[in-house]
Amino acid sequence: MKHRNIKIRQGRRKNAYCPDMCLYGHYISMIIRSAMQYKASFFLGAAGQFLVSFNGLLGIYFIFARFTAVKGYTYHEALLCYGIMLLGFSIAQCFARGFESFSYLVKSGEFDRMLLRPRSIVLQVLGSRFETNRFFRILLALAMFFYAAVHCKIVWTAGKAFTVIFMIFGIIMLFTGLFLLGAAICFFTIEDGGFLNVLTYGGSEHGRYPADIYGKQMLKFCTYVIPYALVQYYPLQYLLGKTGQWEYALYPCGGGVFLAASYGVWRFGMRHYKSAGS
């Protein structure tokens, strides 16, 4: 019995110091099992998300059915752009949805309980929501990307393969940063920053096409204010062979810089947070 008690204590100690990523995996596992309890609801929701994104695909198709090119971009090049943007945005929505619904955690008092737990606050917020019905959108984005990549006649090299990877991760970090920024605003307003939907959902919709088709002023905004162009337009130019400047492939790192800046705002809000009183 004595040895058995020692083993139990050791097991509990290991669980107490479980790595954060392992704990996050448990969060996701619980959310997925919960969603699968209502399979009809899950598949209907996933189908709805798929149709919303498919509607965007139809919009591109009908535009290029009338025009052979839009500002020098062919149908397959625009489709490649949209596929990469949709893939990154959908993944960001899957994993960072907790920040998007952060105002509910603050108003309900759940965030105050999170502060008392001996785990990372960011991890707990991330684990509070996980959008399983975005999987079909991810599959659609992958299908668009591979179809367009074949028809764009890109001369694939290791550098261009890494460019695609950098673009996807850059988009994920950019939109996660926007969700995090919206959550940080809740520390001061309690309500969510709904106006940021213009930058998140609006940005993903405008990301169907390369940023330069909207004009020079919009391209400047997307470069120096909210860096959509750094994760989409500039690396796309190198990927499609429209420029030989290989350094464009590194521009998606701007998404990581934006995420770091958003995290700084989050930390500032955390230091000044006072309970919502729920």
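**A friendly walk through an all-helix model**

1. Let's start with one residue. Gln-93 lies in helix α4. Please keep in mind that this is a predicted model. Is Gln-93 buried or exposed? Its relative accessible area is 0%, under the 20% cut-off, so Gln-93 counts as buried. Which residues does Gln-93 touch, once neighbours within four places in sequence are set aside? The contacts are Glu-100, Glu-131, Arg-134, Arg-137, Phe-179 and Tyr-201. Try finding each of them in the 3D view, beginning with Phe-179.

2. Now step back to the whole chain. The protein has 14 helices and zero strands, so reading from the N terminus you meet one α after another: α-α-α-α-α-α-α-α-α-α-α-α-α-α. Of its 278 residues, 47% count as buried. How do contacts relate to distance along the sequence? Among contacts between residues at least 6 apart in sequence, 77% join residues at least 24 apart.

3. Helix α4, the home of Gln-93, is a good place to study packing. With α9, helix α4 packs at an angle of about 35 degrees, and the two axes are 8 Å apart. The crossing of this pair is right-handed. On the α4 side, the contact is made by Ile-84, Met-85, Leu-87, Gly-88, Phe-89, Ile-91, Ala-92, Gln-93, Ala-96, Phe-99 and Glu-100. On the α9 side, Met-167, Ile-168, Ile-171, Ile-172, Phe-175, Thr-176, Phe-179, Leu-180 and Ala-183 take part. Sorted by class, this contact has 16 nonpolar, three polar and one charged residues. As you trace the two lists, a general point may help: an α-helix has 3.6 residues a turn, so residues three or four places apart point the same way.

4. Helix α4 (residues 75-100) also packs with helix α10 (residues 197-206), at an angle of about 150 degrees and with the axes 10 Å apart. Why do α4 and α10 count as roughly antiparallel? An angle over 145 degrees falls in that class, and about 150 degrees is therefore roughly antiparallel. Here α4 passes α10 in a left-handed crossing. From α4, the residues Met-85, Phe-89, Gln-93, Arg-97 and Glu-100 meet Asn-197, Thr-200, Tyr-201 and Ser-204 of α10. By class, the residues of this contact divide into three nonpolar, four polar and two charged. Gln-93 is listed in the contact with α9 and also in the one with α10.

5. Stay with α10 for a moment. Which residues of α10 are buried? They are Leu-199, Thr-200, Gly-202, Gly-203 and Ser-204. These buried residues pack against α4, α9 (158-189), α11 (216-224) and α12 (228-231). Thr-200 and Ser-204 are buried, and they also belong to the contact with α4.

6. Another pair worth viewing is helix α7 (residues 121-128) with helix α14 (residues 253-271). Their axes come within 13 Å and cross at roughly 105 degrees. Angles of 65 to 115 degrees count as roughly perpendicular, and that is why α7 and α14 are described in this way. Ile-121, Val-122 and Val-125 of α7 make the contact with Tyr-263, Trp-266 and Met-270 of α14. The residues of this contact divide into six nonpolar, no polar and no charged.

7. Next, look at Tyr-234, found in helix α13 (residues 233-239). With a relative accessible area of 15%, under the 20% cut-off, Tyr-234 is buried. Not counting residues up to four places away in sequence, Tyr-234 touches Leu-219, Thr-223, Ala-229, Tyr-248 and Tyr-251. With one of these, Thr-223, there is a polar contact between the two side chains (3.3 Å). Tyr-234 and Glu-247 are 13 residues apart in sequence, and their C-alpha atoms are 9.3 Å apart in space.

8. Finally, two residues to compare with the buried ones. Lys-107 has its place in helix α5 (residues 102-108), and Thr-189 is in helix α9. Lys-107, at 37% relative accessibility, counts as partly exposed, and Thr-189, at 43%, is also partly exposed. How far apart in space are Lys-107 and Glu-191, C-alpha to C-alpha? They are 8.0 Å apart, with their places 84 residues apart in sequence. For Thr-189 and Ser-103, 86 residues apart along the chain, the C-alpha separation is 9.0 Å.

Conventions: Residues are numbered from 1 along each chain as its sequence is written. This is a predicted model: local features need pLDDT of at least 70, side-chain atom pairs count only at pLDDT 80 or more; totals for chains, interfaces and linings use all residues. Side-chain values use heavy atoms; hydrogens and water are left out. Helices (H or I, at least four residues) and strands (E, at least two) are DSSP runs, numbered from the N terminus. Buried means under 20% relative accessible area, exposed over 50%, partly exposed in between (1.4 Å probe, protein chains only). Contact means heavy atoms within 4.5 Å. A polar contact is a pair of N or O atoms within 3.5 Å; within protein, one must be able to donate a hydrogen and the other to accept it, and residues adjacent in sequence count only if both atoms are side-chain atoms. Axes are lines fitted to C-alpha atoms, for helices over the stretch in contact, and angles run from 0 to 180 degrees between N-to-C directions. Angles under 35 degrees count as roughly parallel, over 145 as roughly antiparallel, 65 to 115 as roughly perpendicular and the rest as oblique. A crossing is left-handed if the near helix is turned anticlockwise from the far one by less than a right angle, and right-handed if clockwise. Ala, Val, Leu, Ile, Met, Phe, Trp, Tyr, Cys and Pro count as nonpolar, Asp, Glu, Lys and Arg as charged, and the others, Gly among them, as polar.
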